[in-house]
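Q: I'd like a close look at one part of this model, starting from a single residue and working outwards. Take your time and tie the pieces together as you go.

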Amino acid sequence: MSHLRPSGLAAVSAALLAMSRQLDMRDVLKTIVASARELLDAEYAALGVPDDHGGFAQFVVDGVSDEQWKAIGPLPRQHGILAAMLHEAKPERLGDVRQDPRFGGWPEAHPDMSDFLGLPIQDGDEIIGALYLANKKCPRPEGGCGFTAEDEELLSILAQHAAIALTNARLYERSRELTIAEERSRLAHELHDAVSQKLFSLRLTAQAAAALVDRDPARAKGELQQVAALAAEAVDELRAAVVELRPAALDEDGLVATLRTQVQVLDRAQSARVTFESHGVRALPAAQEEALLRVAQEALHNALRHSGGARVTVALTRRGLATVLRITDDGQGFDPTAVREAGRHLGLVSMSHRAHSVGGTLSVESAPGKGATIEMEVPGG
């Protein structure tokens with residue numbers, strides 16, 4: 001490291017600190033790749049995390065545009081030069097990767113690369129990834145590689161710290177999975193304790209009403225009224241149990257990431273296309289973030305279950321000094337006034353209460369055949 005100027009040492013320090021601050025696996029990978037490319041002055045950088053099936057569980061690139069990456073196609077397999085660092089656990093520094101006997105070509109849209117530097121990322125004896133750099137931005141020696149032995153040494157230091165960052169990220173993901181499992185278990189107990197007795201009473205009362213309906217209609221009517229009351233209480237207790245549990249992901253990831261993840265899950269699970277976009281939103285107080293998330297969940301449930309639309313869009317944006325959540329569908333729509341008058345609230349009352357409880361507002365725009373838009377605005381963000 002003695003060849004580095006003070007500015008170079010500061011850059012290395014900044015890169016290592018950036019790695020240590022990240023916990024989300026994808027963010028860790030992106031930080032490592034961007035740091036390696038910048039520090040070693042390479043045109044392209046990539047990091048691959050292997051799976052157990054001859055491919056890569058994740059493969060992150062830097063220096064390639066989103067359009068180029070889409071045109072390149074599926075994630076690469078573990079073969080050729082890409083596999084070398086994963087199987088042989090030693091660095092590779094080449095003057096021209098295309099001349100290496102292990103080189104097997106690349107897709108048509110792949111950028112052209114020549115000099116190459118690759119290094120495994122190891123956690124003890126386990127190889128958990130590999131760093132790849134290509135096209136050093138400097139004059140190349142005749143027939144040689146632009147990457148130097150000093151570059152290889154620096155990349156080795158980065159790889160050692162990358163191993164720590166990746167291991168921490170894996171442990172973090174596992175702890176999150178355990179937290180989610182614990183939350184599910186607690187929710188199951190909450191639901192059982194709060195609701196099961198009410199449902200048991202409701203069933204007995206309904207049976208009593210059925211037995212009385214022919215010989216004593218008046219008593220049967222009273223029992224049925226009791227059924228309705230018990231059902232309402234069960235619903236209230238169910239909602240209270242669910243609302244009490246602030247989603248673990250919201251605390252860990254924040255509102256934007258949590259909404260994006262939930263929308264992605266719904267998009268895969270539903271026939272309708274569900275998309276999410278967010279622009280310029282900063283962190284909000286916990287109560288506001290939870291209210292926005294709950295309103296989004298309720299509105300998404302309504303849109304996917306009742307609208308019959310082909311597309312649902314969730315947007316979280318800034319508007320002046322406020323944050324705005326907007327859920328829009330292209331479904332059959334409804335008359336909000338008629339829905340309220342008929343007593344079918346579609347969750348609109350609870351969504352409005354949530355918005356007002358955190359100093360926000362809720363508006364509903366819909367008409368038969370015109371789709372629907374639910375918009376919640378809260379100050380800040």
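A: Val295 sits in helix 9 (residues 286-307); helices here are DSSP runs of H or I with at least four residues, strands are runs of E with at least two, and both are numbered from the N terminus. This is a predicted model, in which local features need pLDDT of at least 70 and side-chain atom pairs count only at pLDDT 80 or more, while totals for chains, interfaces and linings use all residues. Residues are numbered from 1 along each chain as its sequence is written, and side-chain values use heavy atoms, with hydrogens and water left out.

So how exposed is Val295? At 1% relative accessibility, it counts as buried, a label that means under 20% relative accessible area, with exposed over 50% and partly exposed in between (1.4 Å probe, protein chains only). Skipping neighbours within four places in sequence, Val295 is in contact with Leu325, Met351, Arg354, Leu362 and Met376, where contact means heavy atoms within 4.5 Å. Val295 also lies 8.6 Å from Ser352, C-alpha to C-alpha, with their positions 57 residues apart in sequence.

Ser352 takes us to helix 11 (residues 348-357), whose buried residues are Leu348, Met351, Ser352 and Ala355. Looking down the axis of helix 11, those buried residues fall within an arc of 100°, so they line one face of the helix; the arc is that of the directions from the helix axis to the C-beta atoms. That buried set packs against helix 9, strand 9 (361-366) and strand 10 (372-379). Flip helix 11 over and the face turned away from the buried side carries the exposed residues His353 and Ser357. Just past the end of helix 11, Gly359 takes a positive phi of about 75°.

Helix 8 (residues 255-269) makes a handy companion to helix 11. Its buried residues are Leu255, Thr258, Leu259 and Val263. Down the axis of helix 8, these fall within an arc of 130°, so they too line one face. Helix 8 has 15 residues and spans 21 Å from first C-alpha to last, close to the 21 Å expected at 1.5 Å a residue, the expected span being 1.5 Å times one less than the number of residues.

Two backbone oddities elsewhere, both in residues that aren't glycine, go alongside Gly359. Ala89 has a positive phi of about 55°; it lies in the loop between helix 4 and strand 3 (92-94), and at 35% relative accessibility it counts as partly exposed. Asn135 has a positive phi near 65°, but it is found in strand 5 and counts as buried at 10% relative accessibility.

Zooming out, the protein comes to 11 helices and 10 strands. Of its 381 residues, 39% count as buried. Among contacts between residues at least 6 apart in sequence, 63% join residues at least 24 apart. The pair we started with, Val295 and Ser352, is 57 apart in sequence.
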